[in-house]
There are 2 protein chains.
Amino acid sequence: MDEAFYMSLIIPITGALGMLVVAYLAWSVRREDSGTPRMREIAEYIREGANAFLKRQYSTIIYFIILLSIPISIFIGLKATLAFICGASLSLLAAYIGMSIAVQANVKTANAARKSIEKSFALAFRGGAVMGLSVVSLSLIGIGLLYIIFGNPELVIGFGFGASLAALFAQLGGGIYTKAADIGADLVGKVEAGLDEDDPRNPAVIADLVGDNVGDCAGRGADLFESYSDNIICAMILGFLLAQLWEESWGNALMFPLVTQAIALLATIVGVFVVRKWRNLSLIGSFNLGLAITGIISAIGFYYASIVLLHRINIFYCALAGLLASLAVGVVAQYYTGINMKPVKRIAASSRRGAAINIIMGLAYGLQSPFFPMLIISAVIGFSYMVMGGGLEGFYGVAAATLGILSMTGFIMSSDAFGPIVDNADGIAEMAKIKRQVGGSLEKLDSIGNTTKALTKSYAMTCAGLSAVVIFLTYLKEANLWDKLALGGIDVTDPLILIGLFIGGALPFLFSALAIGAAGKTAFLMVDEVRRQFRQIKGLIEGKAKPNYARCVDISTKNALMEMFFPAIIGVVSPIIVGLVLGERALGAMLLGQTVCSVLLASFFINVGGAWDNAKKYIEAGHYGGKGRFAHAASVVGDTVGDPLKDVAGPSLHIFTKLINMTALLFAPIIVMHALL
Amino acid sequence: MDEAFYMSLIIPITGALGMLVVAYLAWSVRREDSGTPRMREIAEYIREGANAFLKRQYSTIIYFIILLSIPISIFIGLKATLAFICGASLSLLAAYIGMSIAVQANVKTANAARKSIEKSFALAFRGGAVMGLSVVSLSLIGIGLLYIIFGNPELVIGFGFGASLAALFAQLGGGIYTKAADIGADLVGKVEAGLDEDDPRNPAVIADLVGDNVGDCAGRGADLFESYSDNIICAMILGFLLAQLWEESWGNALMFPLVTQAIALLATIVGVFVVRKWRNLSLIGSFNLGLAITGIISAIGFYYASIVLLHRINIFYCALAGLLASLAVGVVAQYYTGINMKPVKRIAASSRRGAAINIIMGLAYGLQSPFFPMLIISAVIGFSYMVMGGGLEGFYGVAAATLGILSMTGFIMSSDAFGPIVDNADGIAEMAKIKRQVGGSLEKLDSIGNTTKALTKSYAMTCAGLSAVVIFLTYLKEANLWDKLALGGIDVTDPLILIGLFIGGALPFLFSALAIGAAGKTAFLMVDEVRRQFRQIKGLIEGKAKPNYARCVDISTKNALMEMFFPAIIGVVSPIIVGLVLGERALGAMLLGQTVCSVLLASFFINVGGAWDNAKKYIEAGHYGGKGRFAHAASVVGDTVGDPLKDVAGPSLHIFTKLINMTALLFAPIIVMHALL
């Protein structure tokens, strides 16, 4: 017991070490020069906008958290409430730290690009690593401390639930926000007022740049914080159960997830510092080296932890299978969305016959794209379950496969946050008219950013699918359904359980509809506000007056958050209603129905949006007449349709499915006791 | 036993009576005048085209049937093979009879419209009734005779499988065909060659008119023949099992489905003859009267059959619940696609901001639309199961609910086939320049046709969803999974069964992708052929030479059928592979996964397509600038995108889900014996 206590102390200490590195990285970013007064001014606008967003968003979320704390404290208990508040707060904190450094790193990256591309690259990546390491470190600190205090992983479920809820707000709100700003800036600023891209007189242009941080950076950070936390907690619970049943051989099953992730955090710190200028190594080469080093050290950690802690090499195989699966899903996504692949080329070619054919071909390829990812996820589940010999050990194997993927979270998140920083840097360079000084270096970094973004998307896809399954398996334990021999189980040959599956399947469709509709509606409001400012602020168009960026940001934020209120309610309320009316078995079936449809729809949305985006870029690269011709106009329609699908509905569905599962997990004891049927 | 034998004799006799009425109706249509020589000529073109389609389609299907007969006879038995061939043949025969009268009724309807709208209406409806009554009568004859010969409903499963296979070909082939012809006629004939709508010089215009018959008429006929047959057979099997277990009280459970449908056939005959000109009654009024009379007589039949045959009033409630559900789904579909409803108006309004926003708003409403239908279907399943007290009786209750819906098949199919006949009549009147003589009467009939078409679509949606569930429940019996106490059941807490669910969910996405892609590809080939004819046939554009309609039809048919080869293979092969590798339980989970996703996607596709279609019509009615303006151009894009979704992918998915379920049902004994896991 003492040994285990010391082992558990290591976890928050490693997390704290991670936060020290975060502090160092933040310091090393902040001490860099921000360039010309003009650059500082623009960066200040973005920072102002980001702060306005965070302020409004956080006050909405805090309201929601307090509201939800009441039923949780009454029905579940005070410890769960504390865990819930911690989970939500740390998720918000990680996003806050990551984003506030990202909105400083952007201008410094732009300035560094005036001197050398290598310096610029290293700076942007360090800025991203602040987000990546914060996510992982704060999660480990939170879970580690709560476990030390409570001594029971089941009491930590609330932490995951809080993380899920905060993530849904961050991702959905951020997604709606950024798309509304995007459409507002384009439709009014560029088309109606005739301004250039990134003109500072456009009131929505700053909101657009803020949106990059808010959607891609903070949203994704919250998403991965959630996946990471949920999985570790669930794996701990399954391990706890194994240890209770077979103390001898599974005694360390509870600590295994924490220990392996702590090792992975150390590996990520090494990996992050590897990404820099090396002699005889290209920039993307150093990025790949960092990725490889992180992966290899983590894998070695998994190998030794499997043997030393659990005396089983098979657990290591499960983790490896998970990692390979996320790579395989990446290859499939690359096929469907890569600019030089058949689907994108075909969609581009079909644009010559107009927008309708472009959309039809996109839908045809997009609907096809979830098939192989689904097979791959199924294969990992089947393999991990069987290699562990089935039963509860098999469940643990599936959780271990997900832990394998999770070990890359810190590095993947760092490279994902790198994208919007470089994007922003390019925008700042454009607006501050220093593009000639930086040459093509920011474009080069941008193309590296696009590669890392594609990597993250397929990573998040695999992670979300498997996480949902792991939470479901843990739900089985909490709802006393895991032991078939004790007449547990969820038998779908019972029509009343079957209808749980049906209702569950319909929820992601409803949720996506609301998310896409919300993006559309908020975009309209943004258009109205930008038009109003052009009309009412004297001298704006002549450059004599400053537009009210904060008001644009605030309106968009407020409405984005208002529009996401109802979808969030669905995620929390539907499992409780179905559970209380139809019972815990039908609820289990509902979880499965919505997991299947969420994963399929999300993969469809993300791939179809990516394919339309690249089809447009393919045409802009000079094919079929290039920019401004008939085929290009058709491809722009596809790209615009794809935006709310790939940046709002798709990523939000990943969180939606985990939130529903976590809600069921948290409320399982109540549902089991009070169900009508 | 003798009594039961005489009772079973009544079934094919009633079916034969139905066919006599079909013969009378066909005679009464054929004796009507076909109008001017020009009208006869055009009608001859359509007939020629339809024959070319049927010839090519049937030779492909026969090839497939022979190919499949070999494994069926080896692995399942000769009786099943005979039933399979009967099912496929009778489905094809019903479609053949119905379509060959429809392509004669069109011109006679156009001619009758020159005299009176009432006569024209009655004629078109009688033409449609030939299809409606053929479907129901031939199914009852086939199932009735096979049951009398074999004495065991399980040996009749092959009949349903044959019907499913033929239906997939008919609907998918017909759908791809009609959309290819549509796009070919529009893009080349109207846009490139500058011809008017329905100009006989356009080689694809006849294919377009043929397409109406082939897609809406023959395709839907095969769809309903399949739903009807599959359900009766499954209800018989469940009844057979009940009778074996409780001979006393459930002795007539096997005959109940046949008897109620025979009564419903008689009710339909009465209903069909009610639809005509009455003093003091509008045309749509007489249609509603016919619908009501069919419904009421069928309901009385159900009531007495429930009491006399089964001594249970609850069965009657189940049937009523099914009927009410199909009405409720109709109300939901009407909300999402009705021209005066909020969604369509909003989509129309959003067209002012361009094609992309039109598509986004359409997707938002479309994705929302499956939610309530899914809840309604779930409610019917839950109600029927519970009102019968659960267990096997509960399964029978779900089947009875579907039988309630089925009782309207004949009438609904008649009114559905009415649509393309009137559509064709309008086209013929346009081409033969007799529009001034017929006044607005064909437009009025067309609007009645649109009402009935909307009715049929939501009817088919409810029917397909519930049918799939009934086949699944029957599969449980055939795979020995229905009895939970005997440790049967499908427990989705087993990850290996769970992955069946995952794979099943992905299949409808893949299938839809292939169907939509096939429609796109075939349209391109059609475009090339029409361009070729304009280029190579001298004097065509001057009206001196006749275009080669048959070649257009043949190319489109051939490619439509080639393109649907792979989707059909998926429907037959995937359940067998999953069953043999993962076992009959995982296969059951797969059936559920694909049923859920098929129903959701089909409902999404059909509603979104209908909404885009009506948004365009709303603008054409004079809103937002009307025809030819910016908003109209945007709405045309939405309408074109919706075409392959609502007329190819959506309806085909209904058949796809039943085909997979029927394949599993037919091969269940083999799968149970030879499964690896």
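**Notebook: chain A against chain B**

I began with charge across the contact and found zero salt bridges by the rule at the interface of chain A and chain B. I note at once that this is a predicted model, and I read every entry below with that in mind.

I next looked up polar contacts across the same interface, and the rule gives four residue pairs, with both residues of each pair at pLDDT 80 or more. I then listed the elements of chain A that give two or more residues to the side touching chain B, and these are α12 (355-368), α13 (371-387), α17 (441-478), α18 (495-536), α20 (565-620) and α21 (630-674). Of these I marked α18(A), since the largest share of that side, 19 residues, comes from this helix. Sorting the residues of the side of chain A that touches chain B by kind, I get 48 nonpolar, 11 polar and six charged.

I turned to the extent of the contact, which takes 65 residues from chain A and 65 residues from chain B. For the area, I recorded about 6300 Å² buried between chain A and chain B, with 85% of it on carbon and sulfur atoms. Within chain A, I wrote down Leu367(A), Phe502(A) and Phe509(A) as the residues that lose the most area to chain B, together 12% of what that side buries.

I then asked how the two copies are related, and found that chain A can be laid on chain B with an RMSD of 0.0 Å by a turn of 180° and a shift of 0.1 Å along the axis. I entered this as the relation of a two-fold axis. The same surface serves both copies, as 100% of the contact residues of chain A recur in chain B. Looking for the residue of chain A that comes closest to the rotation axis, I found Asp491(A), whose C-alpha lies at 2.2 Å.

Last, I picked out a single residue, Glu478(A), which has its place in helix α17 of chain A. Is Glu478(A) buried or exposed? I entered Glu478(A) as buried, because its relative accessibility is 13% and the cut-off for buried is under 20%. Leaving aside residues up to four places away in sequence, I found that Glu478(A) touches Glu154(A), Ile157(A), Ile237(A), Leu665(A) and Ala668(A). I also compared Glu478(A) with Thr462(A), and noted that the two are 16 residues apart in sequence and 24 Å apart in space, taken from C-alpha to C-alpha.

How values were computed. Residues are numbered from 1 along each chain as its sequence is written. Chains are lettered from A and ligands numbered from 1 in the order in which they are written. This is a predicted model: local features need pLDDT of at least 70, side-chain atom pairs count only at pLDDT 80 or more; totals for chains, interfaces and linings use all residues. Side-chain values use heavy atoms; hydrogens and water are left out. Copies are superposed by least squares on the C-alpha atoms of residues with pLDDT of at least 70 in both. Contact means heavy atoms within 4.5 Å. Buried area is the accessible area (1.4 Å probe) that two parts lose on being put together, summed over both. A salt bridge is a side-chain nitrogen of Lys or Arg within 4 Å of a carboxyl oxygen of Asp or Glu. A polar contact is a pair of N or O atoms within 3.5 Å; within protein, one must be able to donate a hydrogen and the other to accept it, and residues adjacent in sequence count only if both atoms are side-chain atoms. Helices (H or I, at least four residues) and strands (E, at least two) are DSSP runs, numbered from the N terminus. Ala, Val, Leu, Ile, Met, Phe, Trp, Tyr, Cys and Pro count as nonpolar, Asp, Glu, Lys and Arg as charged, and the others, Gly among them, as polar. Buried means under 20% relative accessible area, exposed over 50%, partly exposed in between (1.4 Å probe, protein chains only).
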